[in-house]
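Let's take a walk through this structure together, starting from its open and enclosed spaces and moving on to a few residues and one helix.

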Amino acid sequence: MLPLLQIDAFTSEAFAGNAAAVCFLDRERDDAWMQSVGAEMNLSETAFLLPLSDAWSLRWFTPSVEVALCGHATLASAHALWETGRLADGAPARFETLSGSLFASRVDDLIELDFPEKLVEPAEAPPGLLEALGVERAIGVYRNEFDFMVEVADEAEVVGLAPKHIGLGELPARGVIVTAPTTRDDADFVSRFFAPGSGVDEDPVTGSSHCALAPFWAERFGRTELTGYQASRRGGLVHTRVVGDRVILGGNAITVMRGELVA
C-alpha cells in the first residue's frame, strides 16, 4: 500500500487553489502504471515521489500525459514531505525532474519554489487560436517551448472567456495562457490557463505558466517582484520573483485528504 495525499496548492483554504495528488513510491514504477493512477485521480496533476540518496525523484502526470514541468504539484510535494516528516521541518527540498533539479524551501509563511524561467517570444497566432479562445483582438501573441500566451486588454476579458476546448486541444502546444493587468489590490496581473490537449480543459492555478508570466510582466512593470492571480473558478495567488534566469514561485498549501493506494 502506498501513501497518497490530496493537497490544495497556491491557497491557504481548503477547496480552493489547485488540487494535486501526491503518491509516495516504494520502488520504480512503469510509466503506464503511473499514467493509470493519474487518470484514476482525475486531477490536473498527480505527483510521484521516490527517495534518492540526497534528493527526491519527482514526476507529474495529468489524466492523459506526463508533463515536463508542474508548479502546483511540486509545491504540494514539498508540503507533503514536511507534513509527513519525510523531510525535516524547514529543511530545503530538492527534486530531480524532467526539467532538471528543482528546489523548494519554507520562507516565512510561504513555500517557495526555485524554477527555470520560460521566456516567451512574439509569435504568429496559429489558425484557430483566437477563435477558440473567443478573443476578437489580442494585444499580443507569444510562444515558448511549452505554451502559447495571449495578452488581452483587461482583466474583464480574461475572466469572461468561455473558450471552445476542442479547438484549443488541436493546437501544437501543451496549453494556452491568457493574461492581462489587473486592478486587484492583491495582485499585479491575472491569467487563465487552458490545456485540453494535455487532458486539462482549464487548470485552476498553474505554477509553471508563471515561469513565463513573471518575466513577461516584470519587464512591463519594471520590477522583479510581482503577484499573479489565476482567475479560474477556484482561483489562487502566485507570488513571483525573477532572479537571473530563475523564477521564484511562492504559495501556500493545505492537505484535504490522506489515504492509501492499494492497486
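Which element provides the largest share of the lining of the largest pocket? Strand 14 does, with three residues. Please keep in mind throughout that this is a predicted model.

## The largest pocket

The largest pocket has a volume of about 180 Å³. Its lining is made up of Asn18, Ala19, Asn42, Leu43, Ser44, Pro63, Gly199, Val200, Asp201, Glu202, Pro204 and Arg234. Two elements give two or more residues to this lining, namely strand 2 (18-24) and strand 14. Sorted by class, the lining of the largest pocket holds five nonpolar, four polar and three charged residues.

## Enclosed spaces

Now for the closed spaces: searching the whole structure turns up three cavities of 30 Å³ or more. The largest cavity contains about 130 Å³ of space. It is lined by 17 residues, and those closest to its centre are Glu45, Val67, Arg174, Phe193 and Asp203. The elements giving two or more residues to the lining of this largest cavity are strand 13 (189-195) and strand 14 (200-203). Strand 14 is thus a name to remember, as it also supplies residues to the lining of the largest pocket.

The second largest cavity contains about 60 Å³ of space. Leu25, Glu28, Arg29, Met34, Phe48, Leu50, Ser57, Leu58 and Arg59 form its lining. At least two residues of that lining come from each of strand 3 (45-51) and strand 4 (56-61), and strand 4 gives the most, with three residues.

Here are the class counts for the linings of these spaces.

| Space | Nonpolar | Polar | Charged |
|---|---|---|---|
| Largest pocket | five residues | four residues | three residues |
| Largest cavity | six residues | eight residues | three residues |
| Second largest cavity | five residues | one residue | three residues |

## Two buried residues with polar side-chain contacts

Let's turn to Tyr142, which sits in strand 10 (residues 140-143). Is Tyr142 buried or exposed? With a relative accessibility of 12%, Tyr142 counts as buried. Setting aside residues up to four places away in sequence, Tyr142 touches Val120, Glu121, Pro122, Ala123, Asp147, Phe148, Met149, Glu151, Phe216 and Arg220. With Arg220 there is also a polar contact of 3.2 Å between the two side chains. By contrast, Glu96 lies 46 residues from Tyr142 along the chain, and the C-alpha atoms of the two are separated by 29 Å.

Glu112 belongs to strand 8 (residues 110-116). Its relative accessible area is 15%, so Glu112 is buried. Which side chain makes a polar contact with the side chain of Glu112? The partner is Arg241, at 3.4 Å. Apart from neighbours within four places in sequence, Glu112 is in contact with Phe103, Ala104, Ser105, Val107, Arg241, Ile248, Leu249 and Gly250.

## Helix 6

Why can helix 6 (residues 210-221) be called largely enclosed by the rest of the structure? The reason is that nine of its twelve residues are buried. The buried residues in helix 6 are His210, Cys211, Ala212, Leu213, Ala214, Pro215, Phe216, Trp217 and Ala218. Phe216 has appeared already, among the residues that Tyr142 touches. After helix 6 comes Gly222, which has a positive phi, near 75 degrees.

## Cysteines without a partner

One of the buried residues of helix 6 is Cys211, and its relative accessibility is 0%. Cys23 is likewise buried, at 0% relative accessibility. A disulfide is a covalent bond between the sulfur atoms of two cysteines. How many disulfides does the structure have? The count comes to zero.

The distances make the reasoning easy to follow, given that the two sulfur atoms of a disulfide must be within 2.5 Å. For Cys23, the closest cysteine sulfur is in Cys70, 15 Å away, which is too far for a bond. For Cys211, the closest cysteine sulfur is also in Cys70, but at 10 Å, and that too is too far for a bond.

Technical notes. Residues numbered from 1 in each chain as written. Predicted model: local features only at pLDDT ≥ 70, side-chain atom pairs only at ≥ 80, totals over all residues. Heavy atoms only, no water. Buried < 20%, exposed > 50% of the residue type's maximum accessible area, 1.4 Å probe, protein only. Helix = DSSP H or I, 4+ residues; strand = E, 2+ residues; numbered from the N terminus. Contact = heavy atoms within 4.5 Å. Polar contact = N/O pair within 3.5 Å; in protein donor to acceptor, adjacent residues only side chain to side chain. 1 Å grid on protein atoms, 1.4 Å probe; cavity = no way out; pocket = protein on both sides within 12 Å on 5 of 7 lines; lining within 4 Å. Points joined across faces, edges and corners; volume = space filled by probe spheres on them. Nonpolar A, V, L, I, M, F, W, Y, C, P; charged D, E, K, R; others polar.
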